[in-house]
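This report describes a structure of two chains, taking local features before the wider arrangement. The sequence and the structure come next.

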Amino acid sequence: MLDEVFEKIKDLIITKKGVEAEKINIDSSFEELGLDSLDAVELVADMEEIFDVNIPNADLQNFKTIRQAVEGLQKAISQ
Amino acid sequence: MPGRRVVVTGTGVISAIGHNTDQFWNSIVNCISGIGPYEAVDSSLVRFQNGAEVKNYNPSSYFETKELDLMDRFAQFAMIAAKEAVKQSGMDCAYDQGTRTAVICGTSIGGVVSQEKTYMDLYRDNKSRVHPLSIPRTMPNSAASNISMHFGITGPVYTISTACASSNHAIGNAYWLIRNGICDRALAGGSETPFTYTFLKSWEAIRVVAQDTCRPFSKNRQGMILGEGGGMLALETLESAQQRGASILAEIAGFGMSSDASHITKPDQQGAERAIRLALQDGNIPPEEVDYINAHGTGTLINDSMEIGAIKNVFGQHAQEISVSSTKSMHGHILGGTSAVEAVATVMATLNDILPPTANYQEPDPECDLDIVPNASRPKKIRYALSNSFAFGGLNAVIAFKKWEGS
C-alpha cells in the first residue's frame, strides 16, 4: 500500500507540478523538488480525494518530505 | 510631518464582540472572545466548526426594507459602523455639497452572501432567474457607494481590495487625501462577511484555519479563526475638528505600505519591516515612542513568528519595551474589514491608555518572546501605537496612531 501511495503522489508531482520522474524518490523533500507549502497542500488535497481520507491540518504542516506525506496518508487510509 | 494634521473624531464598529464601540471596547478590556460555533452554515459539512459571527443581529432594527433590498450583509455592517462614527463625530459629511468628503472602504470579497444566493438559485434550485438586485448587492464597492448616498458625500469614493490589508490601505489613503488637501474629511474603514458555504470550504482547503480557537503568539497555535463585522473611522483635519469643538480621539501620525513580491501566501519579513519603517518615517515618529502595536497576529505558525521578528528588527532593543497584542483572538480575522476593526481597538487603546489583550494565550513561544499582553488588558501610557496588516498576496499596510494630548 505504501508503494501504491508513493506511486500515486509521484505521478501527481510529475503530471501536475512538472517535476522530472528521475528526481523524485521517497526521501525527497518538497523543497528539493522545488515545491512549496501551497504545492504540498494541493498534492495532499488530491490524494485525499483519491483515497477518500482526511488529513488534519496539524499533520499536513509537518509534511516536509514525500515519505512523511506518504506515511501520513497511509495512516489515514488504514484507519 | 508634511501637510495638514489628521485626527479621528468618531469610531464605529460591529463585530462578534459588540455591535457598537462601547460594547466592543468593553469586551476587549475584559478579554471576552466572540469565537464559538458558527450558525450561518451547516458546520457538519466543514472541517472547522468555530468562527466569530455577529450574533443577535437583526437587520430590520437598523434598516428599512427598501434599504435592505440594496445591501448585502457586508454593506450593512459598513453602513452601521459609518453611522456610528458620524454620529459620534458630529461631522457634517455633506458640508460644501459633500465634495470635500471621502469614503474609502476595504473589503476582500464584497457581497458573497448575495452571490452565494444567486449560485444556490441557479445551480441548486434550478431557477431560471435571480434577484434583480444581485449585481448591486454583490459588487465590492456597494458599501462605499451606499454610505456615500446615505450621507450625500460626493467627493472621492472608492473601494480598496488588498485581502487582509484592505482596510488599512483604505484608512491610509484617506489619511493622505486629507493631509494633502484633496479633501477635508473622510469615512474610512471596511467590512467583511465570510460565512458562506463556498467561502468556508475554500478556507478549509487552504489549511490555515484552527480547529479550536485563535491563539496568537502561543506556541500551540493552530491557525486563524474567521470573523465577520465592520469598522469605520471618521477622519478630518485638526483645524476642522478644533473649529467645531469636536472631541478628538486620536491623531493619525503615519502610513506605510509595501509589497513582498515574493510568495502569494507566505509572508516575507522584509516586506513587513519595510511597511513598519515607512509608517514611522512618514510621520517622523521616534521609534522609541511607540508603546503599543496591534499586531496582524493571525494565529498561524508562520505569521506570528515572522511579525515578531519584523518588530525586533525594526525597533532593536526598544522592541522589549513595546506591548504587542492581537485582538483577532477576540473578534476573529475579519479579512478585508479586519484592520478597520483593529483601528477602532487601537484608537480606543491610545485614548484610554489601556493595552488590549491577546486572548486564548496558553504557552510561551521562544520565537514570539515580546510582551504580548496575555489574557488580560492592563493600563499603560501609550504615546504612539501601530496597527499592522500583512495580507495574502504579500501586501502590507501599517497605520501609526498618536495619542491626542490636547495640542
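Asn126(B) follows helix H4 of chain B and has a positive phi, near 55 degrees. Helices (H or I, at least four residues) and strands (E, at least two) are DSSP runs, numbered from the N terminus. This is a predicted model, in which local features need pLDDT of at least 70 and side-chain atom pairs count only at pLDDT 80 or more, while totals for chains, interfaces and linings use all residues. Residues are numbered from 1 along each chain as its sequence is written, and chains are lettered from A and ligands numbered from 1 in the order in which they are written.

H4(B) spans residues 112-124, and its buried residues are Val112(B), Val113(B), Ser114(B) and Gln115(B). A residue is buried if 20 or more other C-beta atoms lie within 10 Å of its own, exposed if 12 or fewer, and partly exposed in between, with C-beta atoms placed from the backbone. The cover over the buried residues of H4(B) includes helix H3 (73-89), helix H5 (134-138) and helix H8 (197-206) of chain B.

Lys381(B) sits in the loop between strand E12 (378-379) and strand E13 (384-391) of chain B. Why is Lys381(B) exposed? Lys381(B) counts as exposed because it has 9 other C-beta atoms within 10 Å. Leaving out residues up to four places away in sequence, Lys381(B) touches Asp291(B) and Asp353(B); contact requires C-beta atoms, placed from the backbone, to lie within 7 Å. The C-alpha atoms of Lys381(B) and Lys403(B) are 9.3 Å apart, with these positions 22 residues apart along the chain.

The domain assignment divides chain B into domain 1 (7-243) and domain 2 (254-402); such bounds come from an automatic or database domain assignment. The centres of the two domains, taken over C-alpha atoms, are separated by 21 Å. Their contact takes 63 residues from domain 1 and 57 residues from domain 2 of chain B. On the domain 1 side, the elements giving two or more residues are strand E1 (6-15), helix H1 (21-29), helix H7 (166-179), strand E6 (185-192) and strand E7 (229-237) of chain B. H7(B) supplies the largest share of that side, 8 residues.

H7(B) also meets helix H13 (residues 338-352) of chain B: their axes come within 5 Å and cross at roughly 65 degrees. Axes are lines fitted to C-alpha atoms, for helices over the stretch in contact, and angles run from 0 to 180 degrees between N-to-C directions. Ser167(B), Asn168(B) and Ile171(B) of H7(B) make the contact with Thr338(B), Ser339(B), Ala340(B) and Ala343(B) of H13(B).

The table gives three contact sets by class. Ala, Val, Leu, Ile, Met, Phe, Trp, Tyr, Cys and Pro count as nonpolar, Asp, Glu, Lys and Arg as charged, and the others, Gly among them, as polar.

| Contact set | Nonpolar | Polar | Charged |
|---|---|---|---|
| Side of domain 1 of chain B that touches domain 2 of chain B | 30 residues | 28 residues | 5 residues |
| Contact of H7(B) with H13(B) | 3 residues | 4 residues | no residues |
| Side of chain B that touches chain A | 3 residues | 4 residues | 3 residues |

Between the chains, 10 residues of chain B are in contact with 10 residues of chain A. Chain A has 4 helices and 0 strands. Buried residues make up 22% of its 79 residues.

Key
Contact = placed C-beta atoms within 7 Å.
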